[in-house]
Amino acid sequence: MNNTNKSTEKTEDATEQIVTRFAPSPTGFLHAGAYRTALFAYFVARKNNGKFLIRIEDTDRERSTKEFEENIFETMEWLALDYDGMEKQSDRVENHKMYLEKLIKEDKAYVSKETPVKEGDREEVIRFRNPNKVVTFTDLIRGDISVDTTDLGDFVIAKSINEPVFHLAVVVDDFEMGVNHVIRGEDHIPNTPRHILIMEAIGAPIPKFAHLPLVLSPDRTKFSKRKGALPLTVYRDKGYLPEALINYISMIGWNPGGEQDIFTKEEIINLFDITKVQKGGGIFDDVKLKWVNKEHMLKLSHDEYKNNLEKFMPEELVSLPTYSSRIDSVVDIVRDRLEYFKQIQEMDEEGDLAYFFKAPLYDREILLCAEKMRKGKDLNHESLAKILEICKAELEKLESNIWNKDSVKDTLWPIAESEGRGIVLWAIRVSLSGKEKSPDPFILSETLGKEETLKRIGEAESILKEKL
RNA sequence: GGCCCUAUCGUCUAACGGUUAGGACAUUGCCUUCUCAAGGCAGUAAUCAGAGUUCGAUUCUCUGUAGGGUCACCA
């Protein structure tokens, strides 16, 4: 269906191949804001059979670290961003130097004497000779933007001949790498006029620009570590699905228009249209991300779900002898409760998991369900024990080869009708789970099996009969 | 403050200049034969304001207001 084999062979014809890039600086871990930029550039390239390149902008030696660089690659790998080329800006200083020398020779830039105002300032920097004119460019998302560059002055393009500053480096690199679609955050709009001036000075063609709206924190300011942005790898560690992250993050600032909410990466690539991107910023909403993730989890087969889940299963439970015979049933129960796989551990901490694998400990009083459940019936420890005894006796007669939630229900239901549904079902459920809240008694019985179910009901019975 | 960008439910968003302004998340209520979860149904909730253009503006123009971004020898 997808046009994967449409035109993979290279053609030297008039229509230029689209080249986009993602140019992160390794001065922080990769969060949803930067990742979204990468994703959109990736979509544009993939949708048009173009190229998607990576450039690590590590010219700031002070703040760039190996660790952050690794985090960027780790994240891109997890979130399935394959690229067609990668360069490090620090490996390209010779190229920058060449252009700097050329600009100086042509008097389009000059070495300027400075009076240092802060620590680290040089006595001498290289400034761009600003032609002081109005620069207009067309943004794929916003239309025409024009800025009078006069107030920029002769801005600095290098600290020294060997130390280019961002503005010079991006322009040279994009030019030499053949980038013809510059897709970046809205926060770069003020830089674009400078870059165009430099492009004109070095004779580089002007690429197409698309300035994406910002990803925002809940307070509507730029998404950042300070404002709660997390490394995306944190979501991996919590057991989120990559497809879910891609799906959710794609929908911040863009959507294909229909009423579908859940998409695969391939579907998004096919539908993506950079010109339909929103102009205003969008808040990163963890709550909706959870929902999207859950939807993707639900698309998994039983075995896929189980494999993912087991990575987060508490060791202590896995080592229980009951584990392997009950886990499949537990997977089905847990399936419509979890929003991410690590939540299984939260369930365990709440005491909502262990009882599937081992008999619960609980206070006898919670067996006598809340006042409202009794509906006026007179109920005490002895009479409830009696009811459980009857239930047990009836269940005993049920053959274990037809033991399942339906047969258990058929067996218990008549008793529940005559003794009071609330009373019977609550008491059975609590004797099986030990909790006020849990799945219903029938599904619990099925999961535990006949033997264990009867054992737990019998246990509840004797707890009730104890003299205090 | 200068420059730039932006403005539809709380949030993400849909709507050739003509719709009862739609959907999703969240939220509220009800149903779903005990609790919880899931599910179903229903509800609350938005075009920033003011002019103009037009037979008719969410949509086009202007002004105002608000918010954001950016003003480094960081990227």
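Two strands count as paired if DSSP finds at least two bridges between them. The structure is a predicted model, in which local features need pLDDT of at least 70 and side-chain atom pairs count only at pLDDT 80 or more, while totals for chains, interfaces and linings use all residues. Residues are numbered from 1 along each chain as its sequence is written, and chains are lettered from A and ligands numbered from 1 in the order in which they are written.

Q: What makes strand β2 and β3 a pair, and in which sense do they run?
A: Strand β2 (residues 51–56) shares 4 bridges with β3, in the parallel sense. This count satisfies the bridge criterion, so the two strands are paired. Opposite Arg55 stands Glu87 of β3. Strands (E, at least two residues) and helices (H or I, at least four) are DSSP runs, numbered from the N terminus.

Q: Why are β1 and β3 called edge strands?
A: The open sheet has 3 strands in the order β1-β2-β3, with parallel pairing. β1 (19–22) and β3 (85–88) each pair on one side only. From one strand to the next, the twist averages 25 degrees.

Q: How do you know how α1 is directed relative to β1?
A: Axes are lines fitted to C-alpha atoms, for helices over the stretch in contact, and angles run from 0 to 180 degrees between N-to-C directions. Helix α1 lies across β1 and β2 at about 160 degrees to β1.

Q: What leaves one side of β4 and of β9 without a neighbour in the sheet?
A: The open sheet of 4 strands is ordered β4-β5-β8-β9, with antiparallel pairing. β4 (109–113) and β9 (163–164) stand at its edges with a single partner strand each, so one side of each has no neighbour in the sheet. Within it, β5 (residues 124–128) and β8 (residues 156–160) form 2 bridges, and the partner of Ile126 in β8 is Ala158. Helix α3 (residues 93–105) lies across these four strands, at about 90 degrees to β4.

Q: Why is a set of residues called a nonpolar core?
A: The term requires buried Ala, Val, Leu, Ile, Met, Phe, Trp, Tyr and Cys residues joined through C-beta atoms within 7 Å; buried means 20 or more other C-beta atoms within 10 Å of the residue's own, with C-beta atoms placed from the backbone. The largest such core holds 81 residues, of which Tyr35, Ala41 and Leu245 touch the most other members. Helix α1 (residues 32–47) provides the largest share, 11 residues. Apart from this core lies another of 25 residues, including Cys391 and Leu444.

Key:
Buried ≥ 20, exposed ≤ 12 C-beta atoms within 10 Å, placed from the backbone. Contact = placed C-beta atoms within 7 Å.
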